[in-house]
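Visitor: I would like to go through this structure and ask how each label is justified. Could you show it first?

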Amino acid sequence: MLDEKMIMLLIEGIGQTLYMTLVPTLLGYVFGMPLGILLTVTDKDGIRPNAVVYKVIDFISNIFRSIPFLILLILLIPLTKILVGKSYGSNAMIVSLTIAAAPYIARMVESSLKEVDHGVIEAAQSMGASNLTIVFKVLLTEARTSLMVNATIVTATILGYSAMAGTVGADGLGAIAVRYGYNRYQFDIMLVTVILLVLLVQIMQGIGMMLSRRFDRRRT
Amino acid sequence: MEPIIKIVHLDKSFRQRDMEVHALKDVNLDIYKGDIYGIIGMSGAGKSTLVRCLNFLERPTGGSVIVDGKDLASLSEKQLREARKDIGMIFQHFNLLMQRSVIDNVCFPLEIAGMKKREAREKAMEYLKIVGLEEKAKAYPAQLSGGQKQRVAIARVLASDPKILLCDEATSALDPQTTKSILQLLKEINQKYGITIVVITHEMAVVQEICSHVAIIDHGNLAEHGTVEEIFQSPKSKEAKRLIYQGFERVAEMKGRRCVRIVFSENSSFEPVIGNMVLAFKTPVNILYANTQDLDGVATGEMILQLPEDKVLGDKMIAYLKGAKLAVEELIDYVG
């Protein structure tokens, strides 16, 4: 039951879950953000339309997003073995989680950037701004509220994925829930892990929303 | 003298849902330094496309645009960006950066030009003073009124020290009072800094207010152009006549033959009875005669109205007037 050993296990689980959520989210943005920017810029209404680049990124990101995460995990086992040396544990899962997150993040970034009023982009062009300036000083700054809201959603989704990865050899709260709740029928442990997961999502959501509101200057 | 903007055989067409739209057809126009040139036309006439061809936000499909001696089509992308710094533009919806403060919006073109932040801020503050918004420097666009937003946009455009200012329906989202003050500001800028201004509008009033010259665009064609005086005194094209007379066009010819004489007493002359009646029935009446006199210190007015042809409607109007406590008398054969 909930003895000291179990509590320690759960605390460790929270740490592992946070690690498996935040690191892949961050890495996911490292790869996904440029892709999302490219999708926005090269789209036919973008500031530098390029059908080939757009279609290639579009196609790849759609493929990855249409594979259910659990199956993607199994598919990526050989790759994780090459990169991390083993196919189980938190570090191995980070590879798969990042690969799952990047295309999803690319889409989220694209949708945020496309919300930016075309008139503002036109105004920047009329001032002689280069495309790079428009990306960094217009698109990314004007869309920051939406980018932050979407980052919150992305983080919660990756947290869900990391729990799912518990079924195939990851650590963290998901793994604890599977091991104790599913394999050993300890329903109370399962319930505790579920409550902890819910709390984590709530806290992340709260922080994300607070930050996005704080940085929004569009209020009167 | 060479024109500062020379438009030669300008053509622009684009595809819109498998339809070839010919937005501009062989437009030729010379705009000289210091002009305030109005380009007027109905919506969809092609005037917004035309103004976007002047800084190549839209690339023409034919002809050429020569700005300050440079053929824009011959420029590389980098040269075009440089050329655009001399061609400022303001917009109907202001297009300010919503996440930047007022002063940072004005700093934006200076940042693009690579100016140091402190220097840029000082310069931006000067331009905010010119438009009378220095106390709003730290505010954000969402906190400003429409007129203030347009003033910020004007300060922003002035910051890049342009030779030409393009105004795309810059006052169309503003109320008449604010429109007047913005137009006044544009006029001052034109006189003080010698900036050539091109004003795109669908309102003749805007042209009358500030323009020295006007070009009339109709279905992608340049219908007529010249000084505002010339065009106003003797408009030649059908489109010019329509735009000039649009204010006082007769609504419809009155065909009704029924006339009534009404007499206002002292009390009823405060209420706009005729105006209210026209609004209530959404049908005009023709005022054939009106007079007020002072009878023993009491103001009385009389009026003869020509009612609409529809008999039922006429009856209703008479009832309405009687309801407003007016003396109503029907006149037989007043109009022939």
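Visitor: Which residue stands opposite I5(B) in β2(B)?

Guide: I5(B) faces I31(B) there. This is a predicted model, and I5(B) and I31(B) are paired in it. In the same strand β2(B), the bridge partner of I7(B) is L29(B).

Visitor: How do you know that β1(B) and β2(B) count as paired?

Guide: Pairing needs at least two bridges between the strands. Strand β1 (residues 5–16) of chain B is joined to β2(B) by 9 bridges, and the two run antiparallel. The requirement is met, so they count as paired.

Visitor: What lies between β1(B) and β2(B)?

Guide: A turn, with 2 residues between the strands, and the two strands form a hairpin. R17(B) in that turn has a positive phi of about 45 degrees.

Visitor: What makes β2 and β5 of chain B edge strands?

Guide: The order of the strands decides that. The open sheet has 4 strands in the order β2-β1-β4-β5 (chain B), with antiparallel pairing. β2 (19–31) and β5 (70–71) each have a single partner strand, so one side of each has no neighbour in the sheet.

Visitor: Which strands stand at the edges of the sheet of 6 strands in chain B?

Guide: That open sheet has the order β6-β7-β8-β3-β9-β10 (chain B), and its pairing is mixed. At its edges are β6 and β10 (221–227) of chain B, each with a single partner strand, so one side of each is left free of a neighbour in the sheet. From one strand to the next, the twist averages 15 degrees.

Visitor: In what sense do β6(B) and β7(B) pair, parallel or antiparallel?

Guide: β6(B) and strand β7 (residues 164–168) of chain B pair in the parallel sense, over 5 bridges. Within this pair, F91(B) stands opposite D168(B) in β7(B). Helix α5 (residues 146–159) of chain B lies across β6 and β7, running at about 170 degrees to β6(B).

Visitor: Why are α8(A) and α10(A) called roughly antiparallel?

Guide: Helix α8 (residues 144–164) and helix α10 (residues 187–214) of chain A have axes that come within 8 Å and cross at roughly 165 degrees. Angles over 145 degrees count as roughly antiparallel. The angle is over that limit, so the name applies to α8(A) and α10(A). Their crossing is right-handed.

Visitor: Which residues of α8(A) and α10(A) meet?

Guide: Among them are T145(A), M148(A), V149(A) and L159(A) in α8(A), and L197(A), L200(A), M204(A) and G208(A) in α10(A). The residues of this contact divide into 12 nonpolar, 6 polar and no charged.

Visitor: What makes α1(A) oblique to α2(A)?

Guide: The axes of helix α1 (residues 4–42) and helix α2 (residues 51–66) of chain A come within 9 Å and cross at roughly 135 degrees. Roughly antiparallel would need an angle over 145, and roughly perpendicular covers 65 to 115. The angle falls in neither range, which makes α1(A) oblique to α2(A). The crossing is left-handed. L35(A), L38(A), L39(A) and T42(A) of α1(A) make the contact with V53(A), Y54(A), I57(A), D58(A) and S61(A) of α2(A). These residues divide into 6 nonpolar, 2 polar and 1 charged.

Visitor: How many helices and strands does each chain have?

Guide: Chain A has 10 helices and 0 strands. Chain B comes to 11 helices and 14 strands.

Visitor: How do you know that chain B departs from the rule for a compact globule?

Guide: A compact globule of 336 residues would have a radius of gyration near 20 Å, but chain B has 27 Å. The C-alpha atoms of chain B fill a box of roughly 80 × 45 × 40 Å along the principal axes. For chain A, the C-alpha trace spans about 65 × 45 × 25 Å.

Visitor: How many residues of chain B are in contact with chain A?

Guide: 20 residues of chain B are in contact with 19 residues of chain A. On the side of chain B that touches chain A, the elements giving two or more residues are α2 (77–84), β6 (87–91) and α3 (102–112) of chain B. The residues of that side divide into 10 nonpolar, 6 polar and 4 charged.

How values were computed:
Residues are numbered from 1 along each chain as its sequence is written. Chains are lettered from A and ligands numbered from 1 in the order in which they are written. This is a predicted model: local features need pLDDT of at least 70, side-chain atom pairs count only at pLDDT 80 or more; totals for chains, interfaces and linings use all residues. Axes are lines fitted to C-alpha atoms, for helices over the stretch in contact, and angles run from 0 to 180 degrees between N-to-C directions. Angles under 35 degrees count as roughly parallel, over 145 as roughly antiparallel, 65 to 115 as roughly perpendicular and the rest as oblique. A crossing is left-handed if the near helix is turned anticlockwise from the far one by less than a right angle, and right-handed if clockwise. Two residues are in contact if their C-beta atoms, placed from the backbone, lie within 7 Å. Ala, Val, Leu, Ile, Met, Phe, Trp, Tyr, Cys and Pro count as nonpolar, Asp, Glu, Lys and Arg as charged, and the others, Gly among them, as polar. The radius of gyration is taken over C-alpha atoms; the globule rule is 2.2 Å times the number of residues to the power 0.38.
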